[in-house]
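Okay, thanks everyone, let's get going. I'll put the structure up and then walk you through how the pieces sit together.

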Amino acid sequence: MIDMTFTIKLTQEIHQKAERASQQQLARPQAKQAYLNTLSTYAVDFYLRCMGFETNPTHSDREDPIASAFLDVADLEVKQVGKLECRPVLPGDRVMRIPPE
């Protein structure tokens, strides 16, 4: 069996960015989701860039303070492809919730 693991280091800087995103939320569950969404978007962005894709993280709904305050968004613009929704998957997760947004 071939190991298909791709490890991405989540730096202190990205954790600080995720913390700032979570602080913009009023409710605790949304704050945690904003934190995880920021980390997952970063990880997908890093992976895609390593694979040669051009991304534009500043053109995501997640970067819009109004959209991110009211919607569970974690999108990433991939140039010449479109937007890709990034979802966190935590260790032990057996189900992944896809929000209607």
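Let me start in the middle of things: the buried residues of helix 2 pack against helix 1, strand 1, strand 2 and strand 3. Before I go further, keep in mind that this is a predicted model.

So, which residues are we talking about? In helix 2 the buried ones are Ala31, Ala34, Leu36, Asn37, Thr38, Leu39, Ser40, Thr41, Asp45 and Leu48. Helix 2 itself covers residues 28-50. It has 23 residues, and from first C-alpha to last it reaches 33 Å, close to the 33 Å you'd expect at 1.5 Å a residue. As for how it sits on the strands, helix 2 lies across strand 1, strand 2 and strand 3, and it runs at about 20 degrees to strand 2.

Now the end of that helix. Cys50 belongs to helix 2, and with a relative accessible area of 44% it comes out as partly exposed. Following helix 2 there's Gly52, and its phi is positive, near 95 degrees. Hold on to the positive phi, because I'll come back to that with another residue.

Over to helix 1, residues 12-23. Helix 1 has twelve residues and spans 16 Å between its first and last C-alpha, close to the 16 Å expected at 1.5 Å a residue. Where does its buried side point? The buried residues of helix 1 pack against helix 2. Those residues are Ile14, Ala18, Ala21 and Ser22. Looking down the axis of helix 1, its buried residues fall within an arc of 100 degrees, so they line one face of the helix. If you want the textbook reminder, an α-helix has 3.6 residues a turn, so residues three or four places apart point the same way. On the other side of helix 1 you'll find Gln12, Glu13 and Gln23, and these are exposed.

Okay, the sheet. We have an open sheet of three strands, in the order 1-2-3, and the pairing is antiparallel. Strand 1 and strand 3 are the edge strands, each pairing on one side only.

Let me take the pairings in turn. Strand 1, residues 55-56, is joined to strand 2, residues 75-78, by two bridges, and the two run antiparallel. Within that pairing, Asn56 stands opposite Glu77 in strand 2. Then strand 2 goes on to strand 3, residues 82-85, with four bridges, again antiparallel. Here Leu76 has Leu84 in strand 3 as its bridge partner, and Val78 stands opposite Gly82 in strand 3.

That second pairing brings us to the turn. Strand 2 and strand 3 form a hairpin, with three residues between them. And here's the other positive phi I promised: which residue has it? It's Gln80, with a positive phi of about 65 degrees although it is not a glycine. Gln80 is found in the loop between strand 2 and strand 3. Buried or exposed? Gln80 is exposed, with a relative accessible area of 87%; the cut-off for that call is over 50%. To place it relative to the end of helix 2, Cys50 and Gln80 are 30 residues apart in sequence, and their C-alphas are 17 Å apart in space.

Next, the aromatics. How many aromatic pairs does the structure hold? Two, and I'll show you one of them. The ring centres of Phe6 and Tyr47 are 4.8 Å apart and the planes sit at 85 degrees, so this pair is edge-to-face. The label follows because an angle over 60 counts as edge-to-face. What I like here is where the partners come from: Phe6 is in the segment before helix 1 and Tyr47 is in helix 2, so to speak a link between distant parts of the chain, 41 residues apart. Neither ring is filed under buried: Phe6 counts as partly exposed at 38% relative accessibility, and Tyr47 is partly exposed too, with a relative accessible area of 35%.

Last stop, the tail. Pro100 sits in the segment after strand 3, and Pro100 is exposed, with a relative accessible area of 81%. Pro100 and Met4 are 96 residues apart in sequence, and C-alpha to C-alpha they are 30 Å apart in space.

That's my tour. Happy to rotate the view if anyone wants another look.

Notes. Residues numbered from 1 in each chain as written. Predicted model: local features only at pLDDT ≥ 70, side-chain atom pairs only at ≥ 80, totals over all residues. Heavy atoms only, no water. Phe/Tyr/Trp six-rings, centres within 6.5 Å; stacked < 30°, edge-to-face > 60°. Buried < 20%, exposed > 50% of the residue type's maximum accessible area, 1.4 Å probe, protein only. Expected span 1.5 Å × (residues − 1). Arc of directions from axis to C-beta. Contact = heavy atoms within 4.5 Å. Pairing = 2+ DSSP bridges. Axes fitted to C-alpha atoms, helices over the stretch in contact; angles between N-to-C directions.
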